[in-house]
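Please look through this structure with a first-year student in mind. Which residues are worth a closer look, and what surrounds them?

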Amino acid sequence: MRKLFLLFFLLPIVTFAQNVKLSGKVVDTEGEALSGVSITVLNHGLSTSTNTDGKFALALQKGTYSIRITYLGYVSQTFDYELKKGSEFLNLILKKDAQNLQQVTVKDQSLRNAGMISVEAKLASSNPNISQSFESILKQLPGVSTNNELSSQYAVRGGNFDENLIYINDIEIYKPFLVRNGQQEGLSLINPDLVSNVKFSAGGFSARYGDKMSSVLDVQYKTTDSLKYTAAIGTNGASATGFFKWGKLNGAVAYRNKQNKLILNAQPVVGAYEPQFHDFQASVNYQFNKNNSLSFFGAYNTSRFGLRPQSRITEFGTLNEILRLNVDYEGQEKDEYSNSLAALTLNSRLTERVRLKWVNSMFLITEKENFDILGTYVFDEIENDFASGTFGQVKANRGIGAFQNFGRNQMLADVYASELKLSYSGNKSFWEGGLRYQYDKISDVLKEFELIDSAGFALPNQYQNFELTRSTSASNSLNTYRYSAYLQNTTDLNHQLALTAGMRLNYNTFTKELLLSPRAILAYTPSKHLNQVYRFATGLYAQPPFYREARNFNGLLNRQAKSQQSLHFVLSSETKFKGLGTTLNFLAETYYKSMYHLTPYDIENLRIRYYADQEAKAYAAGVDFRVSGEFVKDLESSFRLSIMKTAEDIAGDSYQQKNSDGTFTTVYPGYLKRPTDQRVNFSAFFQDRLFNSPTYKVHLNLLFGSRLPTGPPASERYQQNYHIPAYKRLDIGFSKDFLDAESVRPPAFLKRYLSSVILYAEVFNLLNINNTVSYLWLTDVNNHSYAIPNYLTSRQLNVRLVVKF
């Protein structure tokens with residue numbers, strides 16, 4: 001494996017020569033930048049495309065080249081250009097082709113008709129986020145909510161983390177299963193430097209996507225780029241990416257490292273943190289001929305987390321009652337979460353209208369948890385009377401005790417899949433279908449317990465004369481075969497109506513269910529307002545259990561578990577309009593999700609624990625609004641507001657309530673708030689220039705999420721009437737591009753050898769807000785229960801340098 005990755009990294013170096021930088025900008029006759037324009041160096045196999053700023057760059061040797069500029073809906077240009085030593089810049093103007101304007105409209109409408117949101121990959125580098133994950137930019141999209149900046153996990157429209165589909169190059173990827181908190185989670189599998197295009201749907205997506213209930217994130221990687229190398233180094237890590245071309249073979253290799261000791265050292269728990277997060281990826285394509293190619297994608301992602309805690313002091317409460325928890329620790333924690341992914345994809349154009357894709361993948365997951373931590377604590381009330389001579393000192397002791405967390409857990413999961421896809425392009429419609437086979441092999445060993453001598457939630461398990469709050473000892477193995485297929489057609493019913501309709505079916509040997517999932521999207525574009533699209537999407541989404549959904553609190557599997565199902569209704573409108581001196585895009589969606597055969601669950605930080613022996617029905621309803629555009633020229637910004645309510649009714653969840661006369665009444669709680677019932681989410685990502693200079697920029701990231709329901713661990717859902725406070729966060733970043741094309745005096749030395757040098761200075765959690773992610777539950781001497789908050793990250797400064805050449 002090490003030799004293979006070394007070979008991939010050496011390939012770009014072998015192909016390196018004394019290149020000259022040819023860059024430029026492509027605009028239309030009105031001076032508007034054109035994104036996605038194809039620039040091809042004829043007879044050399046080199047090509048690139050313009051970014052959202054209309055800019056491009058190519059690395060060539062000096063000489064004379066024939067260059068062709070093409071863009072759908074515009075008149076193509078072909079010209080000869082003599083490239084001399086040094087960097088040269090071209091300003092190119094394309095004229096509209098009146099005969100192809102209708103084709104441009106069709107291309108622009110395709111994504112909008114499908115209800116997918118296109119995500120700009122470059123925003124990942126400018127968006128200040130402490131997790132360094134690509135998924136952080138999803139928090140700006142409709143329906144997405146989160147309350148943990150250290151994690152790449154996200155929830156969508158009342159669903160949990162397990163309900164989101166994520167693809168890289170048509171390969172389904174998986175998030176860590178055993179990870180408990182954001183400190184342990186390392187780098188997301190999605191590498192922003194390799195991303196070419198991204199599509200996202202928060203619900204009502206088409207049948208071509210698989211069997212999850214909430215959302216789909218479709219990421220495609222690139223194997224060529226005009227910039228051969230990108231390197232970055234910063235306070236919290238480093239990365240390097242290289243692109244190469246060798247005859248018919250081209251591709252990219254990338255390495256990332258995450259170092260967040262500075263972040264973790266500011267956590268409430270003081271101790272020796274030892275995080276080691278690494279990620280290697282390679283994406284390679286071999287072009288046999290113009291009709292056939294073979295692609296390889298490989299990744300190795302590992303997260304090792306170590307902690308030897310020493311102490312913790314947490315103050316909380318109100319102005320009338322200030323409480324302090326003081327803990328001294330012994331023991332340590334060592335965790336490892338690793339993913340290995342390898343995939344081969346055959347792409348073939350059988351005819352001018354028929355294309356075939358055959359995707360074969362292997363996803364190997366290894367997760368280990370080893371922890372044995374003993375804490376002794378003192379729980380005090382603090383004097384809050386300013387007039388008192390003992391202000392800020394201990395007023396009364398509320399409790400003294402100890403707790404122990406012990407675990408030796410290991411999970412191995414191997415996922416093998418093979419999928420055959422066919423597509424046919426008709427004159428007025430587009431057909432696509434697929435057959436998929438998947439084999440899951442899972443082995444899981446759980447040995448853990450928690451002891452809190454004053455928690456008040458002890459179960460009758462005895463361990464060395466102490467009562468355990470939770471004790472689990474289980475060993476499970478599960479082998480599942482999964483078969484699925486889909487058929488889908490996209491057609492224009494007339495010049496105003498477009499219909500995407502399809503059917504998906506799946507069968508698995510665990511639940512032994514044959515499930516049909518019809519889905520449809522109807523899009524209407526008014527003939528007089530081509531910049532408007534109205535959509536109605538509906539469909540059935542069935543999610544067979546992978547593993548965690550069938551595992552109960554005691555670690556045992558529910559062999560009678562069934563697939564969770566959700567029926568989506570989404571009504572939306574999307575409008576492009578002129579405003580504030582630019583083109584803006586406004587999206588409004590209202591939705592209703594009816595869910596049944598659900599498995600209730602708790603979320604403790606990042607850990608999802610299912611009540612696998614229970615069943616519930618639920619609903620989620622809400623509205624989303626988003627406006628985006630270049631409020632400042634060449635810098636995209638967005639504002640989003642989401643309002644939602646989600647609740648569930650658990651079958652058979654009743655309890656006996658004692659009446660004043662001594663009798664008992666059976667109470668049925670009915671609909672309860674789901675753990676993801678975050679009623680309001682607001683986000684803003686705003687970019688601007690500083691000092692009226694194109695090289696100095698500011699990037700502002702604002703997030704707000706209303707409170708979330710929670711309760712004591714392992715308690716019944718109707719007992720969980722507590723709340724995690726609202727999540728509030730403001731991050732700000734500043735950047736300086738030393739080699740910006742509009743820079744007045746770029747450094748000559750840097751310009752000679754490099755294409756871009758950008759310095760970022762970022763302040764995370766600018767307002768230093770103590771956001772709560774979970775609670776430690778204790779009981780004082782008066783048998784009063786208290787939820788001790790576990791806080792997220794405090795204010796942090798990050799500096800990073802990104803170099804491209």
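What follows is a short tour of selected residues, the nonpolar cores and a surface patch. The model is a predicted one.

**Two unusual backbone angles**

Most residues other than glycine have a negative phi. Asn169 has a positive phi of about 55°, although it is not a glycine. Asn169 sits in the loop between β11 (164-168) and β12 (171-172). Its relative accessibility is 15%, so Asn169 counts as buried, the cut-off being under 20%.

His597 also departs from the trend: its phi is positive, about 55°, and it is not a glycine. His597 belongs to strand β31, which covers residues 582-598. His597 is partly exposed, with a relative accessible area of 34%.

**Three buried polar residues**

Next come Asp677, Arg504 and Glu513. Is Asp677 buried or exposed? At 2% relative accessibility, Asp677 is buried. Asp677 is found in the loop between β38 (671-673) and β39 (680-690). Leaving out residues up to four places away in sequence, Asp677 touches Met644, Lys645, Thr646, Arg707, Leu708 and Pro709.

Arg504 lies in strand β27, residues 497-508. Arg504 is buried as well, with a relative accessible area of 3%. Setting aside neighbours within four places in sequence, its contacts include Ala207, Arg208, Tyr209, Gly210 and Asp211. Ser484, Ala485 and Tyr486 are also among the contacts of Arg504. So are Leu515, Leu516, Ser517 and Arg519.

Glu513 is in the loop between β27 and β28 (514-524). With a relative accessible area of 14%, Glu513 is buried. Which residues does Glu513 touch, not counting those up to four places away in sequence? They are Asn506, Tyr507, Asn508, Lys562 and Ser563. Lys562 is 49 residues away from Glu513 along the chain, yet their C-alpha atoms are separated by 7.9 Å.

The table lists polar contacts made by the side chains of these residues.

| Side chain of | Partner | Distance |
|---|---|---|
| Asp677 | Arg679 side chain | 2.8 Å |
| Arg504 | Ala207 backbone oxygen | 2.9 Å |
| Arg504 | Tyr209 backbone oxygen | 3.5 Å |
| Glu513 | Thr511 side chain | 2.9 Å |
| Glu513 | Ser563 side chain | 2.6 Å |

Ala207 and Tyr209 thus appear for Arg504 both in the contact list and as backbone partners, at 2.9 Å for Ala207 and 3.5 Å for Tyr209. Ser563 likewise touches Glu513 and joins it by a side-chain polar contact of 2.6 Å.

**Nonpolar cores**

In soluble globular proteins, nonpolar side chains tend to be buried together. How many residues does the largest nonpolar core have? It has 54. Ile190, Phe200 and Leu217 have the most contacts inside that core. A second, separate core has 20 residues, including Leu264, Val269, Val327 and Ile788.

Ile190 shows what such a place looks like. Not counting residues up to four places away in sequence, Ile190 touches Phe134, Ile166, Ile168, Ile173, Val195, Leu217, Val219 and Tyr221, among others. Glu135 and Arg256 are also among the residues that Ile190 touches.

**A nonpolar patch on the surface**

Some nonpolar side chains are found at the surface. Leu493, Leu522, Phe536, Phe569, Leu571 and Tyr592 make a nonpolar surface patch of about 540 Å². One of them, Leu571, lies in strand β30 (residues 564-579). Leu571 is partly exposed, with a relative accessible area of 49%.

Note on methods:
Residues numbered from 1 in each chain as written. Predicted model: local features only at pLDDT ≥ 70, side-chain atom pairs only at ≥ 80, totals over all residues. Heavy atoms only, no water. Helix = DSSP H or I, 4+ residues; strand = E, 2+ residues; numbered from the N terminus. Buried < 20%, exposed > 50% of the residue type's maximum accessible area, 1.4 Å probe, protein only. Polar contact = N/O pair within 3.5 Å; in protein donor to acceptor, adjacent residues only side chain to side chain. Contact = heavy atoms within 4.5 Å. Core = buried A, V, L, I, M, F, W, Y, C linked by side-chain atoms within 4.5 Å. Patch = residues over 30% accessible without salt bridge, like charges linked within 9 Å, V, L, I, M, F, W, Y side chains within 5 Å. Areas by Shrake-Rupley, 256 points an atom, 1.4 Å probe, with all protein chains shown as cover. Salt bridge = Lys/Arg side-chain N within 4 Å of Asp/Glu carboxyl O.
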